[in-house]
Amino acid sequence: MKRIGLVLTILCCCGYAFGQKKAKEYSITSDRPIIIPVIDLDKSEAYYEKVFGAEPVKIPEDMRQVRRFLKMENGMDIILKIGRVQYINPDSLDRPHIRVTVPANLLEKYQAYLTGEKIKTKEKSNNGAGKPKRKFINDLDGYVIELLPR
């Protein structure tokens, strides 16, 4: 079963809703649901809405206490679950790593969108002549999210 339920979130900022719409333009994709243990469900849910344009899906209130389900416009699911107890050390060599793809022709534009939203991105060489640099962001818990061009 690919999807278990839906999430409800209350948003009260018009600029925030615009950011969600803008993030959707970049069609972030993954070949499977992304399941992420987090420290704070409310903050993480708002972050993933802003960064990826994911929309919360409604679920019963008792389930909302332990997990949230977010749906991307392209059908990708993000499942946030309570469970992380501390921020991930940015110097740790075994940090969790999430890979998502962005259309190659929109990667720079998406990075500019993230910068405008005050979400820091990092670049790293791809160790190959003519290959585009790899782009990374960190979520609120310290997960590394790699933005791959497709």
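Start with the contacts across the whole chain: among those between residues at least 6 apart in sequence, 69% join residues at least 24 apart. Keep in mind as you look around that this is a predicted model. Now colour by secondary structure, and you can pick out four helices and eight strands. Followed from the N terminus, the elements run α-β-α-β-α-β-β-β-α-β-β-β.

**Stop 1: the open sheet**

Select strands E1, E4, E3 and E2. These four strands form an open sheet in the order E1-E4-E3-E2, with mixed pairing. E1 and E2 (55-56) stand at the edges with a single partner strand each, so one side of each has no neighbour in the sheet. As a general point, strands of a sheet pair through backbone hydrogen bonds, either parallel or antiparallel.

Zoom in on E2 and E3 (residues 67-71), which pair in the antiparallel sense over two bridges. Which residue in E3 stands opposite Glu 55? Select Lys 71 to see that partner.

Next, show helix H2 together with the sheet. H2 lies across E1, E2, E3 and E4, and it runs at about 160° to E4.

**Stop 2: the largest nonpolar core**

Show side chains for Ile 36, Tyr 48, Phe 52 and Ile 78. Of the 27 residues in the largest nonpolar core, these four touch the most other members. The elements that give two or more residues to this core are E1 (34-38), H2 (41-52), E4 (77-82), E5, H4 (107-116) and E8 (144-149). Which element gives the most? H2 does, with five residues. In soluble globular proteins, nonpolar side chains tend to be buried together.

Now centre the view on Ile 78. Leaving aside neighbours within four places in sequence, Ile 78 is in contact with several residues, including Ile 34, Ala 54, Phe 69, Leu 70 and Met 72. Arg 68 is also one of its contacts.

**Stop 3: Arg 99**

Move to strand E5 (residues 97-102) and select Arg 99, which is located there. Is Arg 99 buried or exposed? Arg 99 is exposed, because its relative accessible area is 51% and exposed means over 50%.

Add Ile 145 to the selection: the C-alpha atoms of Arg 99 and Ile 145 are separated by 5.8 Å, although the two residues are 46 residues apart along the chain. Then show Glu 146, whose side chain makes a polar contact with the side chain of Arg 99 (3.2 Å).

**Last stop: the surface**

Finally, switch on the surface. The accessible surface of the chain comes to about 8,800 Å², and 55% of that belongs to carbon and sulfur atoms. Of the chain's 150 residues, 39% count as buried.

Technical notes. Residues numbered from 1 in each chain as written. Predicted model: local features only at pLDDT ≥ 70, side-chain atom pairs only at ≥ 80, totals over all residues. Heavy atoms only, no water. Buried < 20%, exposed > 50% of the residue type's maximum accessible area, 1.4 Å probe, protein only. Polar contact = N/O pair within 3.5 Å; in protein donor to acceptor, adjacent residues only side chain to side chain. Core = buried A, V, L, I, M, F, W, Y, C linked by side-chain atoms within 4.5 Å. Contact = heavy atoms within 4.5 Å. Pairing = 2+ DSSP bridges. Axes fitted to C-alpha atoms, helices over the stretch in contact; angles between N-to-C directions. Areas by Shrake-Rupley, 256 points an atom, 1.4 Å probe, with all protein chains shown as cover.
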